[in-house]
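Please open the model in your viewer with the residue numbering switched on, and follow the stops below in the order in which they are given.

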Amino acid sequence: MLSNLPADVSALAIAESYRSRWSIEGVFGELTLSLNGEINTLAYPPAAIIAYALALISFSDLTLVRASVEVVHGKEKADSMSTYHMAEEVSSTDQGMTIAIPLNDWRKRFGSLSPPDMAKELKRMAREVQIRRYRKYTRGPKKPKANRSGSHQHVSTQQLLAQQKR
């Protein structure tokens with residue numbers, strides 16, 4: 001393995017470090033694509049920082065949801081859940097939930113729970129999750145390229161124009 005690191009750093013250590021980099025890159029991808037953590041326009045810099053901070057909090061919350069689902073339903077099913085679809089669900093129901101259930105009711109219900117009690121509550125709620133609603137869409141197999149079975153070869157427009165000038 002080629003590297004500009006000191007000789008006492010093993011190739012295995014370099015490979016492990018690089019492998020963990022991709023999990024970090026995956027998080028940044030989720031923050032950007034699924035959680036809109038990167039503002040597309042040239043916004044006021046503090047607004048961009050707030051948007052990014054909110055995306056980080058959202059990612060942390062959705063990771064907690066996914067971990068709760070993993071405990072109840074298993075790793076394979078939890079890994080099949082799309083961060084994008086979970087974020088869409090939260091985004092679409094948040095306003096209605098805020099209107100229907102006052103903030104004080106949320107505080108009464110969840111604010112005083114100890115960490116073990118909160119874990120029990122998260123597991124209870126995870127049992128009710130309909131995983132198929134949040135499943136990642138996978139791309140189907142690529143279609144094979146069609147064989148070109150013609151006797152005509154492509155001729156560029158430039159070649160045709162050059163022949164007309166002669």
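Select M81 and then display whatever lies in contact with it, contact being taken as heavy atoms within 4.5 Å. Leaving aside its neighbours within four places in sequence, M81 touches R66, V69, M86, V129, I131, Y134 and K136. This is a predicted model, in which local features need pLDDT of at least 70 and side-chain atom pairs count only at pLDDT 80 or more, whereas totals for chains, interfaces and linings use all residues. Residues are numbered from 1 along each chain as its sequence is written, and side-chain values use heavy atoms, with hydrogens and water left out.

Move next to S82, which is found in the loop between α3 (75–79) and α4; helices here are DSSP runs (H or I, at least four residues), numbered from the N terminus. Is S82 buried or exposed? S82 is buried, its relative accessible area being 9%, where buried means under 20% relative accessible area, exposed over 50%, and partly exposed in between, with a 1.4 Å probe and protein chains only. With its neighbours within four places in sequence again left aside, S82 is in contact with R66, Y134, R135 and K136.

Now select L31, L35, L62, V69, M81 and M86 together, since these are the members that touch the most other members among the 13 residues of the largest nonpolar core. Such a core is a set of buried Ala, Val, Leu, Ile, Met, Phe, Trp, Tyr and Cys residues joined through side-chain atoms within 4.5 Å. The elements that give two or more residues to this core are α2 (45–73) and α4 (83–100), and α2 gives the most, with four residues. In soluble globular proteins, nonpolar side chains tend to be buried together.

For a contrasting selection, take I24, F28, Y52 and L56, which form a nonpolar patch on the surface with about 350 Å² of accessible area together. The area comes from the Shrake-Rupley method with a 1.4 Å probe, and for residues only the protein chains shown count as cover. A patch of this kind is made of residues with over 30% relative accessible area and no salt bridge, the nonpolar side chains (Val, Leu, Ile, Met, Phe, Trp, Tyr) being joined within 5 Å, while like charges are joined within 9 Å. Both α1 (11–33) and α2 supply at least two residues of the patch. L56 is found in helix α2 and, at 40% relative accessibility, counts as partly exposed.

Turn then to the charged side chains. A salt bridge is a side-chain nitrogen of Lys or Arg within 4 Å of a carboxyl oxygen of Asp or Glu, and by this rule the count comes to four salt bridges. Which residue does R133 pair with? Its partner is E89, with the closest N and O atoms 3.1 Å apart. Because R133 lies in the loop between α6 (115–126) and α7 (157–165) and E89 in helix α4, the pair ties together parts that are 44 residues apart in sequence. R133 is partly exposed at 48% relative accessibility, and E89 is also partly exposed, with a relative accessible area of 23%.

Centre the view on E121 next, whose side chain meets that of R109 in a salt bridge (2.9 Å, N to O). E121 lies in helix α6 and R109 in helix α5 (residues 103–110), so the pair ties together parts that are twelve residues apart in sequence. E121 also forms a salt bridge with R124 (2.6 Å, N to O), and these two both lie in helix α6, three residues apart, about one turn of the helix. Salt bridges that share partners thus join R109, E121 and R124 into one network. Within this network E121 counts as buried at 9% relative accessibility, whereas R109 is partly exposed at 40% and R124 is partly exposed at 40%.

Stay with helix α5 for the last stop, and select W106 and F110, which form a stacked aromatic pair, 5.9 Å centre to centre with 20° between the planes. Rings of Phe, Tyr and Trp (its six-membered ring) pair if their centres lie within 6.5 Å, and planes under 30 degrees apart count as stacked, over 60 as edge-to-face and the rest as tilted. By this rule the count comes to one aromatic pair. W106 and F110 are four residues apart in helix α5, so they are separated by about one helical turn, and W106 is partly exposed, with a relative accessible area of 32%.
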